[in-house]
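Colleague: I am new to this structure and should like to be guided through it by question and answer. May we begin once it is before us?

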Amino acid sequence: MAKLFFALLALVPMGALAAGPSKRQQVQIEAQLRQHVTTLASEEYGGREPGTPSETLTLRYLARQWFDIGLESGTNDPGNAWFAPVELVEREPQGSRAQFFHGKRRVPVADGGFFVVTSGLRSLIENAPLVYVGKSLGGDGARTELAGRVAVILDSEAKPEPVKGAGSAGAPPGLDRAGKLLESGAAAVLTVLDGERTLDGVIARRRRAGYALSGERIGGDIEVFVSADAARQMFAAAGAPDLAALRAAGAAPGFSARPLGIAGSFEATNRETRIKTHNLIGKLEGRRPGSGALVLMAHWDHFGKCAAPPAEKQICPGAVDNASGLAVLTEVARLLSAGKQLDRDVYFVATTGEELGLLGALAFTENPPLPLNTVVAAFNVDSTGLVPAGLPVSVVGQGLTPLDPGIAKVLKAMKRKLAPGEAANAFARRQDSWALMQHDVPAVMVSTSYSDPTRLEFFMDNIYHRPYDEAARVIYGGMVDDVLIQTELLRFFADTKAWPAAGRGQGRAPVAAAGAK
């Protein structure tokens, strides 16, 4: 009965959907969404951590749903039908050592006053001069000045700008000065924590495991963090200027890098683990081969066990983030599969490793099942289920791709209001569309969930990435809206007459604009 209903609904033209679904239709769609979210966010599924039995349960459930709906494998790889392998490398800090010298004399620094971390397995620097660089970000002409030296920066001088996020987990505030200085040739970067950040806070964050795709070049860059008290002790013992004098010098016009008369030796090591995981890729074949393709994407992974005893709840179920997105993706696939065959192929992608740094989406772009320059439009679904029905629609990535006119046309036909402004772009770097945008794929996220700042802020502050992101908290009205919106977007962009544009080169996302928060 449910299949017959969806088949009939899928045949209704866009104009007929403009007034919104009937109560009966809404109830049917909501029931399917609720089933998916309740299942995927259940205790049995264990928080959907990559490389665990939870992954097997999750991907089998989704693959079975997609196969029954009528999708075919979209990996385009006979050796890996449906499941595209992704290998991740986990690196967790193990050792941290630092010594400082003034001439041949060792400068004492308390053991608890510093922390050294590297991106490699083991990195070592010996007797490298420390140079205070002020607010410099390196760049042209800095390589000779920084080569073989440790660039010293003050945390209090950080500009209030964002660094590139690491998936949904986000990133701490402050411009990524260390990364830019390392790229400019510094042997290491030493940050004096004289601002709001504390050494304990940095250690707590940086001791967490880091992740990358296997085969990705992981350098041996070294970063050193020193508490303000330890820095004062070290500078005084070496006769170097105090922190106030350095800040004043760094703010003066025409400032140039200043040697501190101190050398440092640093060593950091990591423990490495490899994780075998998968993207799930399904495909709805179009009737016009060679006309390009569409991608609808949602990440399946979450954190698994995220709290320790004696906490009553220890699993992060990830109902909103992102069982909700998987549910929407699956029901869009059901509607499209039951309807008239589209002109273009549609790929449905459930990505792994989004929470670890958009890694599944990056793997998709590095080993795509189709040429990326044939992707006409890509849409991501992440963390819906936050709002009731009828709210305006926000576009994460608005103004950053050539898709805006088409999206506006679809929403107008559906009599849906587009939220004004570009506030939703604060999330541009924090979701899988970003990985595609870096390969010139026109990719956005369209959802009603980002149109209510109050609900969104409450979720981010109290539920996001916590054991409380449970199925019982999901609001399904907005999810039903998102199913219908995604369905009509895909129908429109799959129509070669309605949207004749083809693939890459139509508008890469400006990095600075996408990072604005």
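Modeller: Certainly; please bear in mind throughout that this is a predicted model. Let us begin with the disulfide formed by Cys 306 and Cys 316.

Colleague: How far apart are the sulfur atoms of Cys 306 and Cys 316?

Modeller: The structure holds one disulfide. A pair of cysteine sulfur atoms counts as a disulfide within 2.5 Å. Cys 306 and Cys 316 form such a bond, and the distance between their sulfur atoms is 2.0 Å.

Colleague: Is the disulfide of Cys 306 and Cys 316 right-handed or left-handed?

Modeller: The torsion about the S-S bond is what decides this for Cys 306 and Cys 316. That torsion is about 90°, so the disulfide is right-handed.

Colleague: How many residues apart in sequence are the parts that this pair ties together?

Modeller: Cys 306 lies in the loop between β11 (293-299) and α10 (319-338), and Cys 316 also lies in the loop between β11 and α10. The pair therefore ties together parts whose separation in sequence is ten residues.

Colleague: Which term, buried or partly exposed, applies to Cys 306, and which to Cys 316?

Modeller: Buried means under 20% relative accessible area, and exposed means over 50%. Cys 316 has a relative accessible area of 0%, so Cys 316 is buried. Cys 306 has a value of 35%, and Cys 306 is therefore partly exposed.

Colleague: Which residue follows Pro 309 across a cis peptide bond?

Modeller: The loop between β11 and α10 contains the residue in question. The peptide bond that leads to it from Pro 309 is cis, with omega near 10°. The residue is Pro 310.

Colleague: In which helix is Asn 322 found, the residue joined to Asp 321 by a cis peptide bond?

Modeller: Omega is about 10° for the bond between Asp 321 and Asn 322, which is a cis peptide bond. Asn 322 is found in helix α10.

Colleague: How many helices and strands does the protein chain have, and what share of its residues counts as buried?

Modeller: The protein chain has 16 helices and 15 strands. It comprises 517 residues, and the share of them that counts as buried is 55%.

Colleague: Among contacts between residues at least 6 apart in sequence, what share joins residues at least 24 apart?

Modeller: Contact here means heavy atoms within 4.5 Å. Among the contacts in the protein chain between residues at least 6 apart in sequence, those joining residues at least 24 apart make up 83%.

Colleague: Are helices α3 and α15 roughly parallel or roughly perpendicular?

Modeller: The axes of α3 (residues 23-40) and α15 (residues 476-494) come within 9 Å and cross at roughly 105°. Angles of 65 to 115 degrees count as roughly perpendicular. The crossing angle therefore makes α3 and α15 roughly perpendicular.

Colleague: How many nonpolar residues take part in the contact of α3 with α15?

Modeller: The α3 side includes Ile 29, Leu 33 and Val 37, while the α15 side includes Met 479, Val 480 and Val 483. By class, the contact has three polar residues and two charged ones, and its nonpolar residues number eight.

Colleague: How many residues make up the largest nonpolar core?

Modeller: Phe 348, Phe 379, Ile 407 and Phe 493 are the residues with the most contacts inside this core. Leaving aside neighbours within four places in sequence, Phe 493 is in contact with residues including Leu 294, Phe 379, Ile 407 and Trp 499. A second, separate core has 32 residues, among them Val 107 and Leu 154. The number of residues in the largest core is 75.

Colleague: How far is Ala 408 from Leu 489 in space, C-alpha to C-alpha?

Modeller: Ala 408 lies in helix α12 (residues 404-413). At 36% relative accessibility, Ala 408 counts as partly exposed. Ala 408 and Leu 489 are 81 residues apart in sequence, and their C-alpha to C-alpha distance is 9.8 Å.

Colleague: What is the approximate phi of Asn 127, which is not a glycine?

Modeller: Asn 127 lies in strand β5 (residues 122-132). Its relative accessible area is 52%, so Asn 127 is exposed. Although Asn 127 is not a glycine, its phi is positive, at about 50°.

Terms used: Residues numbered from 1 in each chain as written. Predicted model: local features only at pLDDT ≥ 70, side-chain atom pairs only at ≥ 80, totals over all residues. Heavy atoms only, no water. Axes fitted to C-alpha atoms, helices over the stretch in contact; angles between N-to-C directions. Helix = DSSP H or I, 4+ residues; strand = E, 2+ residues; numbered from the N terminus. Parallel < 35°, antiparallel > 145°, perpendicular 65-115°, else oblique. Nonpolar A, V, L, I, M, F, W, Y, C, P; charged D, E, K, R; others polar. Buried < 20%, exposed > 50% of the residue type's maximum accessible area, 1.4 Å probe, protein only. Core = buried A, V, L, I, M, F, W, Y, C linked by side-chain atoms within 4.5 Å.
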